Amino acid sequence: MRTKSILIILIVSITFLNCRKENKFENNTELCKILGKMTEDDQKIRGTTKLFDPFFEILDSIKTANKLTKEIYTNLSTEEQLEWGKIARKIAEKRSKKSKKEIDSLWNIQTKLDNKNTELLIEIVKKRGWVDKVSLNCEEYAAPWVIFRHSQEKYWKEIRPLIEKAYKEKKLGGMEYIMIDNQLKGRPSFNFDFEKK
């Protein structure tokens, strides 16, 4: 009898968890948090200076430390701006350079995040249609189009009908459509023709 009770509880628990998992995209507040986290993860590594030259980050820090607002800095002579740039460049050159192995490792981490995000967004769009910060009234910053913009080629055939449908339904804006479409074509030079469809 005890085994039957445990089995029934286990079946009910699994059924409840599966139903809850299936319904998680119905709650707009929860979905906003998911999209916000996905957008954050999209920029986790690519949005940092870990992969790039830290020059501009250092120059911005120097300007802030010296109370050089954007307006003040813009009004400096070219020679004065170049002097600040030389200081920033000297500091940037002292920072250790990442090896190819380190850069490849960081990109590998970002690619895994991108793949996870892409798979999740495909699932969301299939269940809810195209969603974004405005349609869900999200407080979090969420830009789901950027997830498909950074998708790997293995997902492109699955993404194509999703964005075509969203664009035709006017749920996906022209610029976002163009950015994703450009990715799905291997990023050729841009054509900003919003009226193509």
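**Packing and cross-links in a helical model**

Trp-107 is a residue of helix 6, and it makes a friendly starting point for a tour of this predicted model. With a relative accessible area of 32%, Trp-107 is partly exposed. Its C-alpha atom is separated by 7.6 Å from that of Ile-45, although the two residues stand 62 residues apart along the chain.

The covalent cross-link comes next. The structure holds one disulfide, which joins Cys-32 to Cys-138 with an S to S distance of 2.0 Å. Cys-32 belongs to helix 2 (residues 28-42), while Cys-138 sits in the loop between helix 7 (133-136) and helix 8 (144-149), so the bond ties together parts of the chain that are 106 residues apart in sequence. The torsion about the S-S bond is about -85 degrees, and the disulfide is therefore left-handed. Both ends can be placed by their accessibility: Cys-32 counts as buried at 3% relative accessibility, and Cys-138 counts as buried at 8%.

Turning to the nonpolar interior, the largest core has 30 residues, and Leu-35 and Phe-148 are those with the most contacts inside it. At least two residues of this core come from each of helix 2, helix 6, helix 8, helix 9 (156-168) and helix 10 (174-184). Helix 9 gives the most, with six residues. Apart from this core lies another, of nine residues, including Ile-58, Leu-59, Leu-68 and Leu-76.

Phe-148 deserves a second look. Leaving aside neighbours within four places in sequence, Phe-148 is in contact with Thr-118, Leu-121, Ile-122, Trp-130, Ile-159, Leu-162, Ile-163, Ile-180 and Gln-183. Aromatic packing also features here, as the structure holds three aromatic pairs. One of them is formed by Trp-130 and Phe-148, whose rings lie 5.9 Å apart centre to centre with 50 degrees between the planes, a tilted arrangement. This pair links distant parts of the chain, with Trp-130 in the loop between helix 6 (100-128) and helix 7 and Phe-148 in helix 8, 18 residues apart. Trp-130 and Phe-148 are both buried.

Among the contacts of Phe-148 is a polar residue, Gln-183, whose place is in helix 10. At 8% relative accessibility, Gln-183 counts as buried. Its side chain reaches the backbone oxygen of Arg-149 at 3.4 Å. Not counting residues up to four places away in sequence, Gln-183 touches Phe-148, Arg-149, His-150, Ser-151 and Trp-156.

Several lysines round off the picture. Lys-63 lies over the face of Tyr-73, at 4.2 Å from the ring centre. Lys-67 is found in the loop between helix 3 (55-65) and helix 4 (70-74), and its phi is near 55 degrees, a positive value in a residue other than glycine. The relative accessible area of Lys-67 is 68%, which makes this residue exposed. A positive phi also occurs at Lys-170, again a residue other than glycine, where the value is near 60 degrees. Lys-170 lies in the loop between helix 9 and helix 10, and at 74% relative accessibility it counts as exposed.

Definitions and conventions. Residues are numbered from 1 along each chain as its sequence is written. This is a predicted model: local features need pLDDT of at least 70, side-chain atom pairs count only at pLDDT 80 or more; totals for chains, interfaces and linings use all residues. Side-chain values use heavy atoms; hydrogens and water are left out. A disulfide is a pair of cysteine sulfur atoms within 2.5 Å. Helices (H or I, at least four residues) and strands (E, at least two) are DSSP runs, numbered from the N terminus. Buried means under 20% relative accessible area, exposed over 50%, partly exposed in between (1.4 Å probe, protein chains only). Rings of Phe, Tyr and Trp (its six-membered ring) pair if their centres lie within 6.5 Å; planes under 30 degrees apart count as stacked, over 60 as edge-to-face and the rest as tilted. A charge sits over a ring if NZ of Lys or CZ of Arg is within 6 Å of the ring centre and within 35 degrees of the ring normal. A nonpolar core is a set of buried Ala, Val, Leu, Ile, Met, Phe, Trp, Tyr and Cys residues joined through side-chain atoms within 4.5 Å. Contact means heavy atoms within 4.5 Å. A polar contact is a pair of N or O atoms within 3.5 Å; within protein, one must be able to donate a hydrogen and the other to accept it, and residues adjacent in sequence count only if both atoms are side-chain atoms.
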